[in-house]
Amino acid sequence: MFSKQLVKKGINGFQRFYNLRKIGIRNATSISKLTGAENAENKNFENSKQMNNGITKISTLPNGMRVTTENTPGHFIAVGVYVDAGSRYETANTIGVSHILDRLAFKSTTTYTNEQIQNITESLGGNVMCASSRETIMYQSAIFTQDLTKVLALFADVIRNPLIKPEEVAEQKQTALYEIQEIWQKPEMILPELLHTVAYKDNTLGNPMLCPEDRLSIMTPQMIKDYILTWYRPEQMVIAAAGANHEEVLEKAWKYFGDMPKSPDFNVQQPISSYSVTAPNYKQSKSSLYKTITTAATSLLKSKVPITSTTIQKAHYTGGTLMINQPLPHTHVYMAFEGLSIHDPDIYALAVLQILLGGGGSFSAGGPGKGMYTRLFTDVLNQYPWMESCMCFNHCYTDSGLFGIMASCRPEYNHTVLEVIAQQFDNVSSYGRKNVTQAEFIRAKNQLKSSLLMNLESRMVQVLGYKVPAEVMCKKIDDVSLDDLVRVAKMVVRGQVHNEGNGTGKISVIVQGDLTGLQDVTKVAEKYGLGKSG
(Lines give C-alpha, C1' and ligand atoms only; values in the text may rest on other atoms or scores of the structure.)
Protein backbone atom coordinates (compact mmCIF):
# COMPACT_ATOMS: atom_id res chain seq x y z
CA MET A 1 0.00 0.00 0.00
CA PHE A 2 1.02 3.60 -0.53
CA SER A 3 2.13 4.15 3.07
CA LYS A 4 4.87 1.56 2.95
CA GLN A 5 8.32 1.91 1.46
CA LEU A 6 7.94 -0.89 -1.08
CA VAL A 7 10.88 0.15 -3.19
CA LYS A 8 13.95 -0.74 -1.16
CA LYS A 9 17.63 -0.19 -1.76
CA GLY A 10 19.50 -3.41 -2.42
CA ILE A 11 22.56 -4.95 -3.89
CA ASN A 12 22.95 -4.89 -7.64
CA GLY A 13 23.27 -8.12 -9.56
CA PHE A 14 19.69 -9.33 -9.80
CA GLN A 15 19.11 -10.61 -13.32
CA ARG A 16 16.06 -10.36 -15.46
CA PHE A 17 12.77 -9.19 -14.13
CA TYR A 18 11.37 -7.88 -17.38
CA ASN A 19 8.27 -6.28 -15.99
CA LEU A 20 5.69 -8.74 -14.68
CA ARG A 21 2.86 -6.38 -15.45
CA LYS A 22 3.79 -6.35 -19.14
CA ILE A 23 3.32 -10.11 -19.34
CA GLY A 24 0.09 -10.25 -17.37
CA ILE A 25 -3.27 -10.80 -18.95
CA ARG A 26 -5.71 -8.03 -18.28
CA ASN A 27 -7.71 -7.43 -21.40
CA ALA A 28 -8.80 -10.82 -22.67
CA THR A 29 -10.54 -9.38 -25.71
CA SER A 30 -7.41 -7.75 -27.11
CA ILE A 31 -5.30 -10.89 -27.43
CA SER A 32 -5.19 -13.91 -29.81
CA LYS A 33 -6.21 -17.47 -28.89
CA LEU A 34 -4.21 -19.79 -26.70
CA THR A 35 -3.04 -23.11 -27.99
CA GLY A 36 -3.62 -26.30 -26.05
CA ALA A 37 -1.39 -27.38 -23.19
CA GLU A 38 2.05 -28.51 -24.26
CA ASN A 39 3.10 -30.40 -21.15
CA ALA A 40 2.75 -33.97 -22.36
CA GLU A 41 4.50 -35.34 -19.28
CA ASN A 42 1.75 -34.34 -16.87
CA LYS A 43 -1.79 -35.24 -17.90
CA ASN A 44 -3.16 -32.95 -15.20
CA PHE A 45 -2.51 -30.09 -17.60
CA GLU A 46 -4.48 -31.44 -20.53
CA ASN A 47 -7.41 -29.13 -19.74
CA SER A 48 -5.26 -26.01 -19.39
CA LYS A 49 -4.75 -23.40 -22.09
CA GLN A 50 -1.35 -22.07 -23.08
CA MET A 51 0.25 -19.43 -25.30
CA ASN A 52 3.90 -19.41 -26.29
CA ASN A 53 5.56 -16.56 -28.16
CA GLY A 54 9.17 -17.58 -27.49
CA ILE A 55 9.91 -15.34 -24.52
CA THR A 56 6.50 -14.97 -22.89
CA LYS A 57 4.28 -17.93 -22.04
CA ILE A 58 0.82 -17.70 -20.55
CA SER A 59 -1.33 -20.60 -19.39
CA THR A 60 -4.74 -20.86 -17.78
CA LEU A 61 -5.45 -23.72 -15.41
CA PRO A 62 -8.88 -25.40 -15.57
CA ASN A 63 -9.99 -23.47 -12.47
CA GLY A 64 -9.18 -20.14 -14.13
CA MET A 65 -5.89 -19.25 -12.46
CA ARG A 66 -3.43 -17.77 -14.95
CA VAL A 67 0.30 -18.50 -15.02
CA THR A 68 2.56 -16.17 -16.98
CA THR A 69 6.34 -16.32 -17.28
CA GLU A 70 9.38 -15.00 -19.07
CA ASN A 71 12.25 -17.46 -19.04
CA THR A 72 15.03 -14.88 -19.22
CA PRO A 73 18.54 -15.91 -18.11
CA GLY A 74 19.95 -15.24 -14.66
CA HIS A 75 20.58 -16.64 -11.22
CA PHE A 76 17.48 -15.13 -9.65
CA ILE A 77 13.72 -15.38 -10.09
CA ALA A 78 11.09 -12.72 -9.47
CA VAL A 79 7.75 -14.33 -8.67
CA GLY A 80 4.44 -13.06 -7.45
CA VAL A 81 0.82 -14.03 -6.89
CA TYR A 82 -1.58 -11.21 -7.73
CA VAL A 83 -5.16 -11.19 -6.48
CA ASP A 84 -7.81 -9.07 -8.13
CA ALA A 85 -8.87 -7.48 -4.84
CA GLY A 86 -8.01 -4.33 -2.90
CA SER A 87 -9.76 -1.31 -1.47
CA ARG A 88 -12.01 -0.63 -4.48
CA TYR A 89 -13.80 -3.93 -3.85
CA GLU A 90 -14.62 -3.14 -0.24
CA THR A 91 -18.18 -2.39 0.84
CA ALA A 92 -19.54 -0.21 3.62
CA ASN A 93 -19.16 -3.23 5.91
CA THR A 94 -15.62 -4.13 4.84
CA ILE A 95 -13.91 -0.73 4.54
CA GLY A 96 -10.30 -1.05 5.69
CA VAL A 97 -10.05 -4.82 5.38
CA SER A 98 -7.37 -4.70 2.63
CA HIS A 99 -5.14 -2.51 4.80
CA ILE A 100 -5.19 -4.98 7.67
CA LEU A 101 -5.14 -8.03 5.39
CA ASP A 102 -1.83 -7.14 3.74
CA ARG A 103 -0.31 -6.75 7.21
CA LEU A 104 -1.50 -10.23 8.16
CA ALA A 105 -0.09 -11.84 5.01
CA PHE A 106 2.79 -13.76 6.54
CA LYS A 107 1.38 -14.67 9.92
CA SER A 108 0.30 -18.06 11.23
CA THR A 109 -1.51 -20.55 9.00
CA THR A 110 -3.12 -23.94 9.51
CA THR A 111 0.23 -25.42 8.46
CA TYR A 112 2.81 -23.27 10.25
CA THR A 113 3.06 -21.05 13.29
CA ASN A 114 3.93 -17.39 12.95
CA GLU A 115 7.50 -18.14 14.04
CA GLN A 116 7.84 -20.92 11.46
CA ILE A 117 6.56 -18.61 8.70
CA GLN A 118 9.14 -16.01 9.71
CA ASN A 119 11.88 -18.65 9.57
CA ILE A 120 10.81 -19.65 6.07
CA THR A 121 10.82 -16.04 4.84
CA GLU A 122 14.27 -15.52 6.37
CA SER A 123 15.55 -18.67 4.67
CA LEU A 124 14.41 -17.12 1.39
CA GLY A 125 16.57 -14.07 2.09
CA GLY A 126 13.81 -11.93 3.54
CA ASN A 127 12.83 -10.71 0.07
CA VAL A 128 9.17 -11.58 0.58
CA MET A 129 6.41 -9.00 0.81
CA CYS A 130 2.71 -8.31 0.51
CA ALA A 131 1.15 -5.02 -0.54
CA SER A 132 -2.40 -3.89 -1.20
CA SER A 133 -3.44 -1.23 -3.67
CA ARG A 134 -6.80 -0.03 -4.91
CA GLU A 135 -7.16 -2.82 -7.44
CA THR A 136 -4.76 -5.59 -6.45
CA ILE A 137 -3.29 -7.43 -3.46
CA MET A 138 0.21 -8.61 -4.28
CA TYR A 139 2.35 -11.36 -2.77
CA GLN A 140 5.83 -11.19 -4.26
CA SER A 141 9.45 -12.17 -3.84
CA ALA A 142 12.91 -12.16 -5.40
CA ILE A 143 14.62 -15.51 -4.84
CA PHE A 144 17.39 -17.82 -5.93
CA THR A 145 16.39 -20.21 -8.70
CA GLN A 146 16.42 -23.26 -6.43
CA ASP A 147 13.87 -21.67 -4.06
CA LEU A 148 10.97 -21.52 -6.53
CA THR A 149 9.15 -24.46 -4.97
CA LYS A 150 9.60 -23.13 -1.46
CA VAL A 151 8.30 -19.64 -2.24
CA LEU A 152 5.25 -20.84 -4.19
CA ALA A 153 4.44 -23.27 -1.39
CA LEU A 154 4.71 -20.37 1.05
CA PHE A 155 2.47 -18.12 -1.05
CA ALA A 156 -0.11 -20.88 -1.40
CA ASP A 157 -0.13 -21.47 2.34
CA VAL A 158 -0.51 -17.84 3.42
CA ILE A 159 -3.13 -17.17 0.71
CA ARG A 160 -5.22 -20.29 1.18
CA ASN A 161 -4.74 -21.24 4.82
CA PRO A 162 -4.38 -18.13 6.99
CA LEU A 163 -5.60 -18.50 10.56
CA ILE A 164 -6.25 -14.77 11.10
CA LYS A 165 -5.89 -15.11 14.87
CA PRO A 166 -7.59 -12.49 17.07
CA GLU A 167 -4.30 -11.60 18.75
CA GLU A 168 -2.59 -11.11 15.38
CA VAL A 169 -5.41 -8.88 14.18
CA ALA A 170 -5.25 -6.85 17.40
CA GLU A 171 -1.50 -6.36 17.00
CA GLN A 172 -1.80 -5.19 13.41
CA LYS A 173 -4.63 -2.81 14.28
CA GLN A 174 -2.34 -1.11 16.77
CA THR A 175 0.41 -0.81 14.17
CA ALA A 176 -2.06 0.50 11.61
CA LEU A 177 -3.31 3.12 14.06
CA TYR A 178 0.20 4.51 14.48
CA GLU A 179 0.71 4.47 10.72
CA ILE A 180 -2.58 6.28 10.06
CA GLN A 181 -1.80 8.99 12.59
CA GLU A 182 1.65 9.53 11.08
CA ILE A 183 0.38 9.79 7.52
CA TRP A 184 -2.32 12.29 8.48
CA GLN A 185 0.50 14.63 9.49
CA LYS A 186 1.96 14.57 5.97
CA PRO A 187 -0.10 16.45 3.36
CA GLU A 188 1.85 14.99 0.43
CA MET A 189 0.74 11.50 1.52
CA ILE A 190 -2.78 11.98 2.79
CA LEU A 191 -4.12 14.50 0.27
CA PRO A 192 -3.92 12.17 -2.77
CA GLU A 193 -5.96 9.70 -0.72
CA LEU A 194 -8.52 12.31 0.25
CA LEU A 195 -8.72 13.41 -3.36
CA HIS A 196 -9.85 9.92 -4.33
CA THR A 197 -12.49 9.87 -1.59
CA VAL A 198 -13.88 13.16 -2.89
CA ALA A 199 -13.62 12.29 -6.59
CA TYR A 200 -15.34 8.90 -6.12
CA LYS A 201 -17.54 9.59 -3.14
CA ASP A 202 -18.72 6.44 -1.36
CA ASN A 203 -17.75 4.03 -4.12
CA THR A 204 -14.92 1.89 -5.52
CA LEU A 205 -11.82 4.04 -6.10
CA GLY A 206 -13.01 6.39 -3.38
CA ASN A 207 -12.66 3.71 -0.72
CA PRO A 208 -9.69 4.57 1.50
CA MET A 209 -6.57 2.45 1.24
CA LEU A 210 -5.91 3.29 4.88
CA CYS A 211 -8.32 1.74 7.33
CA PRO A 212 -10.21 4.63 8.99
CA GLU A 213 -9.51 4.91 12.71
CA ASP A 214 -13.15 4.38 13.62
CA ARG A 215 -13.15 1.11 11.68
CA LEU A 216 -10.23 -0.38 13.58
CA SER A 217 -12.29 -1.01 16.70
CA ILE A 218 -14.90 -3.03 14.80
CA MET A 219 -12.51 -4.94 12.54
CA THR A 220 -12.82 -8.63 13.36
CA PRO A 221 -11.02 -11.77 12.16
CA GLN A 222 -14.30 -13.01 10.67
CA MET A 223 -14.67 -9.87 8.51
CA ILE A 224 -11.21 -10.52 7.08
CA LYS A 225 -11.95 -14.20 6.48
CA ASP A 226 -15.20 -13.34 4.71
CA TYR A 227 -13.38 -10.90 2.43
CA ILE A 228 -10.82 -13.58 1.55
CA LEU A 229 -13.61 -16.07 0.83
CA THR A 230 -15.32 -13.56 -1.46
CA TRP A 231 -12.39 -12.37 -3.54
CA TYR A 232 -9.59 -14.94 -3.28
CA ARG A 233 -10.82 -17.09 -6.15
CA PRO A 234 -8.59 -18.74 -8.78
CA GLU A 235 -10.04 -16.80 -11.72
CA GLN A 236 -9.17 -13.65 -9.76
CA MET A 237 -5.48 -14.63 -9.51
CA VAL A 238 -2.34 -14.55 -11.61
CA ILE A 239 0.98 -16.22 -10.88
CA ALA A 240 3.74 -14.31 -12.67
CA ALA A 241 7.43 -15.17 -12.78
CA ALA A 242 10.51 -13.92 -14.57
CA GLY A 243 13.68 -15.95 -14.90
CA ALA A 244 11.84 -19.25 -14.45
CA ASN A 245 10.97 -22.17 -16.71
CA HIS A 246 7.29 -21.96 -17.64
CA GLU A 247 6.56 -25.68 -17.35
CA GLU A 248 8.13 -25.75 -13.88
CA VAL A 249 6.08 -22.79 -12.69
CA LEU A 250 2.95 -24.31 -14.25
CA GLU A 251 3.61 -27.61 -12.49
CA LYS A 252 4.01 -25.87 -9.12
CA ALA A 253 0.94 -23.74 -9.76
CA TRP A 254 -1.09 -26.89 -10.40
CA LYS A 255 0.34 -28.56 -7.30
CA TYR A 256 -0.36 -25.71 -4.89
CA PHE A 257 -3.34 -23.93 -6.47
CA GLY A 258 -4.88 -26.35 -8.96
CA ASP A 259 -7.46 -27.75 -6.53
CA MET A 260 -8.94 -24.35 -5.69
CA PRO A 261 -12.60 -24.49 -6.75
CA LYS A 262 -13.57 -22.20 -9.61
CA SER A 263 -16.64 -20.00 -9.62
CA PRO A 264 -19.69 -21.80 -11.08
CA ASP A 265 -19.96 -19.57 -14.15
CA PHE A 266 -16.27 -19.58 -15.05
CA ASN A 267 -15.53 -20.95 -18.53
CA VAL A 268 -11.89 -21.82 -19.20
CA GLN A 269 -12.55 -21.94 -22.96
CA GLN A 270 -12.73 -18.15 -23.26
CA PRO A 271 -10.00 -16.70 -25.51
CA ILE A 272 -6.89 -15.48 -23.71
CA SER A 273 -3.69 -14.54 -25.47
CA SER A 274 -0.72 -12.19 -25.77
CA TYR A 275 1.30 -9.96 -28.05
CA SER A 276 4.17 -11.66 -29.88
CA VAL A 277 7.40 -9.92 -28.91
CA THR A 278 10.90 -10.66 -27.73
CA ALA A 279 12.17 -9.04 -24.56
CA PRO A 280 15.35 -6.94 -24.78
CA ASN A 281 18.38 -8.20 -22.92
CA TYR A 282 19.12 -5.98 -19.95
CA LYS A 283 19.75 -6.22 -16.23
CA GLN A 284 17.87 -4.70 -13.32
CA SER A 285 18.94 -4.04 -9.78
CA LYS A 286 17.03 -5.44 -6.85
CA SER A 287 15.48 -2.04 -6.17
CA SER A 288 14.24 -1.77 -9.76
CA LEU A 289 12.91 -5.30 -9.52
CA TYR A 290 10.86 -4.45 -6.43
CA LYS A 291 9.54 -1.30 -8.07
CA THR A 292 8.47 -3.34 -11.08
CA ILE A 293 6.68 -5.95 -8.96
CA THR A 294 4.93 -3.32 -6.87
CA THR A 295 3.60 -1.36 -9.83
CA ALA A 296 2.25 -4.54 -11.41
CA ALA A 297 -0.90 -4.03 -9.34
CA THR A 298 -3.44 -3.08 -11.98
CA SER A 299 -2.15 -4.79 -15.08
CA LEU A 300 -2.07 -8.53 -14.45
CA LEU A 301 -5.75 -9.07 -13.91
CA LYS A 302 -9.16 -7.98 -15.18
CA SER A 303 -9.64 -10.86 -17.60
CA LYS A 304 -13.38 -10.17 -17.78
CA VAL A 305 -14.23 -13.43 -16.09
CA PRO A 306 -17.79 -13.57 -14.74
CA ILE A 307 -17.77 -13.27 -10.96
CA THR A 308 -20.69 -14.94 -9.24
CA SER A 309 -19.65 -14.20 -5.65
CA THR A 310 -20.40 -10.50 -5.85
CA THR A 311 -21.05 -7.77 -8.38
CA ILE A 312 -18.08 -5.66 -9.44
CA GLN A 313 -19.23 -2.05 -9.41
CA LYS A 314 -17.92 0.36 -12.02
CA ALA A 315 -16.00 3.34 -10.68
CA HIS A 316 -18.44 6.26 -10.57
CA TYR A 317 -16.68 9.63 -10.60
CA THR A 318 -18.67 12.14 -8.53
CA GLY A 319 -16.33 15.10 -8.12
CA GLY A 320 -16.57 17.39 -5.11
CA THR A 321 -14.73 19.77 -2.82
CA LEU A 322 -13.05 19.33 0.55
CA MET A 323 -11.56 22.19 2.57
CA ILE A 324 -9.36 21.41 5.59
CA ASN A 325 -8.59 24.52 7.63
CA GLN A 326 -5.34 24.00 9.52
CA PRO A 327 -2.54 26.38 10.54
CA LEU A 328 0.14 25.02 8.19
CA PRO A 329 3.19 26.83 6.73
CA HIS A 330 1.82 26.27 3.22
CA THR A 331 -1.55 25.94 1.55
CA HIS A 332 -1.79 22.64 -0.34
CA VAL A 333 -4.14 22.46 -3.32
CA TYR A 334 -5.20 19.52 -5.51
CA MET A 335 -7.41 20.29 -8.51
CA ALA A 336 -8.48 17.32 -10.64
CA PHE A 337 -10.93 15.92 -13.20
CA GLU A 338 -11.95 12.44 -14.24
CA GLY A 339 -9.23 11.08 -16.49
CA LEU A 340 -9.01 8.08 -18.79
CA SER A 341 -8.87 4.39 -18.03
CA ILE A 342 -5.70 2.45 -18.72
CA HIS A 343 -7.37 0.87 -21.77
CA ASP A 344 -8.51 4.08 -23.45
CA PRO A 345 -6.73 4.65 -26.80
CA ASP A 346 -6.36 8.34 -25.89
CA ILE A 347 -4.21 7.42 -22.89
CA TYR A 348 -1.09 8.17 -24.95
CA ALA A 349 -2.26 11.71 -25.65
CA LEU A 350 -3.04 12.21 -21.97
CA ALA A 351 0.40 10.91 -21.02
CA VAL A 352 1.98 13.43 -23.40
CA LEU A 353 -0.12 16.16 -21.81
CA GLN A 354 1.08 15.18 -18.34
CA ILE A 355 4.71 15.33 -19.49
CA LEU A 356 4.10 18.66 -21.21
CA LEU A 357 2.64 20.20 -18.05
CA GLY A 358 5.26 18.51 -15.87
CA GLY A 359 6.33 20.65 -12.95
CA GLY A 360 8.07 19.94 -9.67
CA GLY A 361 9.26 21.78 -6.58
CA SER A 362 10.72 25.25 -6.36
CA PHE A 363 14.11 23.73 -5.53
CA SER A 364 14.02 21.02 -8.19
CA ALA A 365 17.25 20.61 -10.10
CA GLY A 366 16.69 21.85 -13.63
CA GLY A 367 17.77 20.07 -16.78
CA PRO A 368 16.27 18.62 -19.96
CA GLY A 369 15.29 15.44 -18.12
CA LYS A 370 14.13 17.20 -14.97
CA GLY A 371 11.28 19.22 -16.36
CA MET A 372 12.75 22.70 -16.61
CA TYR A 373 11.06 23.18 -20.00
CA THR A 374 7.64 21.99 -18.88
CA ARG A 375 4.67 24.33 -18.67
CA LEU A 376 4.40 24.30 -14.89
CA PHE A 377 8.10 25.14 -14.53
CA THR A 378 8.22 27.92 -17.08
CA ASP A 379 4.77 29.45 -16.56
CA VAL A 380 4.25 28.87 -12.84
CA LEU A 381 7.35 28.13 -10.77
CA ASN A 382 9.51 30.56 -12.73
CA GLN A 383 6.83 33.26 -12.75
CA TYR A 384 5.53 33.06 -9.19
CA PRO A 385 8.33 32.82 -6.60
CA TRP A 386 5.76 32.33 -3.84
CA MET A 387 4.77 28.96 -5.36
CA GLU A 388 6.52 26.23 -3.39
CA SER A 389 5.64 23.38 -5.75
CA CYS A 390 3.40 22.70 -8.73
CA MET A 391 3.09 19.36 -10.51
CA CYS A 392 0.77 17.53 -12.87
CA PHE A 393 -0.42 14.02 -11.96
CA ASN A 394 -2.26 11.29 -13.84
CA HIS A 395 -3.70 8.22 -12.07
CA CYS A 396 -5.01 5.50 -14.42
CA TYR A 397 -7.22 2.63 -13.34
CA THR A 398 -9.18 -0.17 -14.97
CA ASP A 399 -12.25 1.88 -15.77
CA SER A 400 -11.47 5.48 -14.81
CA GLY A 401 -8.69 7.86 -13.85
CA LEU A 402 -7.77 11.14 -12.17
CA PHE A 403 -5.90 13.91 -13.97
CA GLY A 404 -4.93 17.14 -12.29
CA ILE A 405 -2.43 19.56 -10.80
CA MET A 406 -1.21 19.86 -7.22
CA ALA A 407 0.39 23.00 -5.85
CA SER A 408 1.67 24.43 -2.58
CA CYS A 409 2.09 28.11 -1.77
CA ARG A 410 2.44 30.51 1.14
CA PRO A 411 -0.98 31.34 2.68
CA GLU A 412 -0.76 35.04 1.85
CA TYR A 413 -1.20 34.09 -1.82
CA ASN A 414 -4.40 32.11 -1.32
CA HIS A 415 -6.24 34.82 -3.21
CA THR A 416 -4.65 33.77 -6.52
CA VAL A 417 -3.38 30.18 -6.32
CA LEU A 418 -6.57 28.55 -7.66
CA GLU A 419 -6.67 30.92 -10.60
CA VAL A 420 -3.04 30.21 -11.49
CA ILE A 421 -3.80 26.48 -11.65
CA ALA A 422 -7.03 27.02 -13.59
CA GLN A 423 -5.20 29.11 -16.17
CA GLN A 424 -2.87 26.22 -16.92
CA PHE A 425 -5.76 23.86 -17.59
CA ASP A 426 -7.45 26.44 -19.78
CA ASN A 427 -4.30 27.20 -21.78
CA VAL A 428 -3.67 23.61 -22.89
CA SER A 429 -7.31 22.89 -23.72
CA SER A 430 -7.92 25.63 -26.24
CA TYR A 431 -6.29 27.42 -29.15
CA GLY A 432 -5.18 30.96 -28.40
CA ARG A 433 -2.39 33.18 -27.21
CA LYS A 434 -1.19 30.65 -24.62
CA ASN A 435 -1.79 27.54 -26.69
CA VAL A 436 0.74 24.70 -26.88
CA THR A 437 3.54 25.31 -29.37
CA GLN A 438 4.77 22.69 -31.79
CA ALA A 439 8.24 22.84 -30.23
CA GLU A 440 7.10 22.04 -26.68
CA PHE A 441 4.69 19.41 -28.01
CA ILE A 442 7.50 17.57 -29.81
CA ARG A 443 9.74 17.96 -26.76
CA ALA A 444 7.08 16.38 -24.53
CA LYS A 445 6.64 13.42 -26.89
CA ASN A 446 10.39 12.86 -27.06
CA GLN A 447 10.68 13.12 -23.29
CA LEU A 448 7.90 10.59 -22.82
CA LYS A 449 9.53 8.13 -25.23
CA SER A 450 12.88 8.60 -23.54
CA SER A 451 11.33 8.02 -20.13
CA LEU A 452 9.59 4.85 -21.29
CA LEU A 453 12.68 3.39 -22.91
CA MET A 454 14.85 4.09 -19.90
CA ASN A 455 12.25 3.10 -17.34
CA LEU A 456 10.28 0.25 -18.83
CA GLU A 457 8.21 -0.29 -15.71
CA SER A 458 6.32 2.92 -16.47
CA ARG A 459 2.52 2.55 -16.49
CA MET A 460 2.40 3.29 -20.21
CA VAL A 461 4.16 -0.02 -20.86
CA GLN A 462 0.99 -1.90 -19.92
CA VAL A 463 -1.65 0.33 -21.45
CA LEU A 464 -3.24 -2.54 -23.37
CA GLY A 465 -2.95 -5.05 -20.53
CA TYR A 466 -0.20 -7.10 -22.12
CA LYS A 467 3.43 -6.58 -23.00
CA VAL A 468 3.63 -3.79 -25.54
CA PRO A 469 6.85 -3.68 -27.58
CA ALA A 470 8.87 -0.50 -27.19
CA GLU A 471 8.60 0.24 -30.90
CA VAL A 472 4.80 -0.03 -30.73
CA MET A 473 4.64 2.36 -27.79
CA CYS A 474 6.89 4.86 -29.51
CA LYS A 475 4.82 4.61 -32.67
CA LYS A 476 1.63 5.31 -30.73
CA ILE A 477 3.25 8.32 -29.08
CA ASP A 478 4.50 9.56 -32.45
CA ASP A 479 0.98 9.20 -33.83
CA VAL A 480 -0.39 11.64 -31.25
CA SER A 481 -1.01 14.95 -33.01
CA LEU A 482 -1.24 18.40 -31.51
CA ASP A 483 -4.93 18.35 -32.35
CA ASP A 484 -5.23 15.08 -30.41
CA LEU A 485 -3.55 16.61 -27.39
CA VAL A 486 -5.82 19.68 -27.36
CA ARG A 487 -8.89 17.51 -27.97
CA VAL A 488 -8.07 15.17 -25.07
CA ALA A 489 -7.12 18.08 -22.80
CA LYS A 490 -10.45 19.75 -23.57
CA MET A 491 -12.33 16.51 -23.00
CA VAL A 492 -10.76 16.04 -19.58
CA VAL A 493 -10.77 19.56 -18.13
CA ARG A 494 -14.19 20.47 -19.54
CA GLY A 495 -15.73 17.41 -17.87
CA GLN A 496 -16.53 15.55 -21.08
CA VAL A 497 -14.90 12.17 -20.30
CA HIS A 498 -17.30 9.24 -20.75
CA ASN A 499 -16.10 6.18 -18.86
CA GLU A 500 -18.16 3.12 -17.96
CA GLY A 501 -19.12 4.55 -14.58
CA ASN A 502 -20.94 7.55 -16.10
CA GLY A 503 -19.11 10.21 -14.11
CA THR A 504 -20.55 13.63 -13.38
CA GLY A 505 -17.73 15.59 -15.07
CA LYS A 506 -17.51 17.93 -12.09
CA ILE A 507 -14.24 19.29 -10.80
CA SER A 508 -12.57 17.77 -7.71
CA VAL A 509 -10.71 20.10 -5.35
CA ILE A 510 -8.90 19.46 -2.06
CA VAL A 511 -7.33 22.30 -0.06
CA GLN A 512 -5.47 21.94 3.24
CA GLY A 513 -3.89 24.75 5.25
CA ASP A 514 -4.77 28.24 6.41
CA LEU A 515 -7.75 28.99 4.18
CA THR A 516 -7.83 32.73 4.86
CA GLY A 517 -8.43 34.64 1.63
CA LEU A 518 -8.87 31.52 -0.52
CA GLN A 519 -10.79 32.07 -3.73
CA ASP A 520 -14.22 30.58 -4.31
CA VAL A 521 -13.64 27.28 -6.14
CA THR A 522 -16.96 27.36 -7.98
CA LYS A 523 -16.42 30.86 -9.31
CA VAL A 524 -12.90 30.06 -10.53
CA ALA A 525 -14.13 26.89 -12.27
CA GLU A 526 -16.97 28.77 -13.95
CA LYS A 527 -14.67 31.59 -15.05
CA TYR A 528 -12.41 29.17 -16.93
CA GLY A 529 -15.08 26.69 -17.95
CA LEU A 530 -13.56 23.82 -15.97
CA GLY A 531 -15.63 20.72 -15.39
CA LYS A 532 -19.38 20.50 -15.63
CA SER A 533 -21.51 22.81 -13.53
CA GLY A 534 -24.67 21.83 -11.75
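How are H3 and H8 oriented to each other, roughly parallel or roughly perpendicular? Before turning to these helices, note that this is a predicted model, in which local features need pLDDT of at least 70, side-chain atom pairs count only at pLDDT 80 or more, and totals for chains, interfaces and linings use all residues. Residues are numbered from 1 along each chain as its sequence is written, and side-chain values use heavy atoms, with hydrogens and water left out.

**Two helices**

Select H3 (residues 148-160) and helix H8 (residues 246-257); helices here are DSSP runs of H or I with at least four residues, numbered from the N terminus. Their axes, which are lines fitted to C-alpha atoms over the stretch in contact, lie 10 Å apart and make an angle of about 30°. H3 and H8 are therefore roughly parallel to each other, a term for angles under 35 degrees on a scale that runs from 0 to 180 degrees between N-to-C directions.

**Aromatic rings**

Stay with H3 and select Phe155, then add Phe106, which lies in the loop between helix H1 (97-103) and helix H2 (114-123), 49 residues apart from Phe155. A search of the whole structure finds 10 aromatic pairs, where rings of Phe, Tyr and Trp (its six-membered ring) pair if their centres lie within 6.5 Å, and planes under 30 degrees apart count as stacked, over 60 as edge-to-face and the rest as tilted. The rings of Phe106 and Phe155 have centres 6.4 Å apart and planes at 45°, so this pair is tilted. Phe106 is buried at 11% relative accessibility and Phe155 is buried at 0%, where buried means under 20% relative accessible area, exposed over 50%, and partly exposed in between, with a 1.4 Å probe and protein chains only. Add Tyr139 and Tyr232 to see one aromatic cluster together with Phe106 and Phe155.

**A histidine in H1**

Next, select His99 in helix H1, which is buried with a relative accessible area of 0%. Show Glu179 as well, since a polar contact of 2.8 Å joins the side chains of His99 and Glu179; such a contact is a pair of N or O atoms within 3.5 Å, and within protein one must be able to donate a hydrogen and the other to accept it, while residues adjacent in sequence count only if both atoms are side-chain atoms.

**A charge over a ring**

Finally, select Arg443 and Tyr373, where the charged end of Arg443 sits over the ring of Tyr373, 4.7 Å from its centre. This description requires NZ of Lys or CZ of Arg to be within 6 Å of the ring centre and within 35 degrees of the ring normal.

Terms used:
Angles under 35 degrees count as roughly parallel, over 145 as roughly antiparallel, 65 to 115 as roughly perpendicular and the rest as oblique.
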